[in-house]
Amino acid sequence: MKLLEQRIAKDCKVLPGNVLKVDMFLNHQIDIELINEIGKEFKRLFSDCDITKILTIEASGIGIACICAQYFSVPVLFAKKGVHKNIGNSFYTSTVYSYTKEKSYEIAVSKDYLSSDDRILIIDDFLANGQAVLGLKSIIEQAGASLEGVGVVIEKGFQSGGGLLREKGIRVESLAIIDQMQDKENLVFRH
Ligand code: G4P
């Protein structure tokens, strides 16, 4: 998505450890006009899917998912993070390992809001190692719902997540894939 690539190139910061800072428009301060365009693009890409619900994960995914959901006219459901493993039997739970943070955390979604009739689109801001998406996929499977696809705003193409998910047959649509980011002046986008 050209508009997004231009915005990343203009405003991002590349931090040590392959971290792309985009919190001036995506995950701290949020540019709603841009997210509206992102929502329209996801709707176009997944127009062949009859989505019943958008699923995301705390925290940065929520705002983006809410804007996008307006174009699908479906509710947003977000997995809660940091819940206790024994949260009770009214929740689907899964364990997510974050390579970035080098620790695992639990995610949970109430059984009240996910059923076998649901056709789910996962939306998230970043795809790095893909572990958050795999955790959400497990929750979708526990509910007997179907995962129609994954919409990602920025995929770090040099990390393993995109390959891992696509190898599993998951449909992943990333609006910007960055293959190299040595520094801000030399971002390489995949086309
Ligand atoms: P994974 O789900 O793809 O395996 O991601 P990973 O554990 O490697 O990343 C941990 C967190 O860092 C995730 O947010 C992810 O979105 C975010 N992240 C990964 N790479 C970058 C990056 O280059 N720049 C930025 N800004 N974020 C990145 P989180 O901590 O789980 O969620 P949130 O609370 O920030 O939403």
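Modeller: Ala, Val, Leu, Ile, Met, Phe, Trp, Tyr, Cys and Pro count as nonpolar, Asp, Glu, Lys and Arg as charged, and the others, Gly among them, as polar. The model discussed here is predicted.

Biologist: How do the residues of the shell around the ligand divide into nonpolar, polar and charged?
Modeller: The shell around the ligand holds 21 residues. By class they divide into 8 nonpolar, 8 polar and 5 charged.

Biologist: Which residues around the ligand come nearest?
Modeller: A residue belongs to this set if one of its heavy atoms lies within 4 Å of the ligand. Of the 21 residues around the ligand, the nearest are Leu20, Ser60, Thr100, Lys101 and Lys156.

Biologist: Which strands and which helix each supply at least two residues of the shell around the ligand?
Modeller: Leu20 is one of the residues that come nearest to the ligand. Among the elements that each give at least two shell residues is strand S2 (19-21). The other strand and the helix are strand S7 (119-127) and helix H4 (131-143).

Biologist: How far is a polar side-chain atom of Lys101 from an oxygen atom of the ligand?
Modeller: Three pairs of atoms can be taken in turn. A nitrogen atom of the ligand lies 2.7 Å from a backbone N or O atom of Leu20. For Thr100, an N or O atom of the side chain is 2.6 Å from an oxygen atom of the ligand. For Lys101, the separation from a ligand oxygen is 2.5 Å.

Biologist: How much of the ligand's accessible area does the protein cover?
Modeller: The ligand sits in the largest pocket. On its own the ligand has 720 Å² of accessible area, and the share covered by the protein is 83%.

Biologist: Which residues does the cis peptide bond join?
Modeller: The omega of this bond is about -5 degrees. One partner, Ala59, lies in the loop between S3 and helix H3 (60-72). The bond joins Glu58 and Ala59.

Biologist: Is Ile54 buried or exposed?
Modeller: Ile54 belongs to strand S3 (residues 53-57). Its C-alpha atom is 6.9 Å from that of Ala65, 11 residues apart along the chain. The relative accessibility of Ile54 is 0%, so with a cut-off of under 20% Ile54 counts as buried.

Biologist: How far apart are the C-alpha atoms of Ile120 and Thr56?
Modeller: Ile120 is part of strand S7 and is buried because its relative accessibility is 0%. Along the chain, Ile120 and Thr56 are 64 residues apart, while their C-alpha atoms are separated by 10.0 Å.

Biologist: With which side chain does the side chain of Glu106 make a polar contact?
Modeller: Glu106 lies in strand S6 (residues 103-110). At 12% relative accessibility, Glu106 counts as buried. The polar contact of its side chain has a distance of 2.8 Å, and the partner is the side chain of Thr95.

Biologist: What is the phi of Ser73?
Modeller: Ser73 is in the loop between H3 and S4. With a relative accessible area of 66%, Ser73 is exposed. Although Ser73 is not a glycine, its phi is positive, at about 55 degrees.

Biologist: What is the relative accessible area of Glu102?
Modeller: Glu102 is placed in the loop between S5 and S6. Its phi is positive, about 55 degrees, although Glu102 is not a glycine. Glu102 is exposed, and its relative accessible area is 63%.

Biologist: How far apart are the C-alpha atoms of His84 and Ser116?
Modeller: His84 lies in the loop between strand S4 (76-81) and strand S5 (91-98). It counts as exposed because its relative accessibility is 56%. His84 and Ser116 are 32 residues apart along the chain, and their C-alpha atoms are separated by 25 Å.

Biologist: How far apart in space are Asn18 and Gln182, C-alpha to C-alpha?
Modeller: Asn18 sits in the loop between strand S1 (13-15) and S2. At 38% relative accessibility, Asn18 counts as partly exposed. In sequence Asn18 and Gln182 are 164 residues apart; in space, C-alpha to C-alpha, they are apart by 7.9 Å.

Note on methods:
Residues numbered from 1 in each chain as written. Predicted model: local features only at pLDDT ≥ 70, side-chain atom pairs only at ≥ 80, totals over all residues. Heavy atoms only, no water. Polar contact = N/O pair within 3.5 Å; in protein donor to acceptor, adjacent residues only side chain to side chain. Areas by Shrake-Rupley, 256 points an atom, 1.4 Å probe, with all protein chains shown as cover. 1 Å grid on protein atoms, 1.4 Å probe; cavity = no way out; pocket = protein on both sides within 12 Å on 5 of 7 lines; lining within 4 Å. Sits in = over half its atoms within 2 Å of the grid points. Helix = DSSP H or I, 4+ residues; strand = E, 2+ residues; numbered from the N terminus. Buried < 20%, exposed > 50% of the residue type's maximum accessible area, 1.4 Å probe, protein only.
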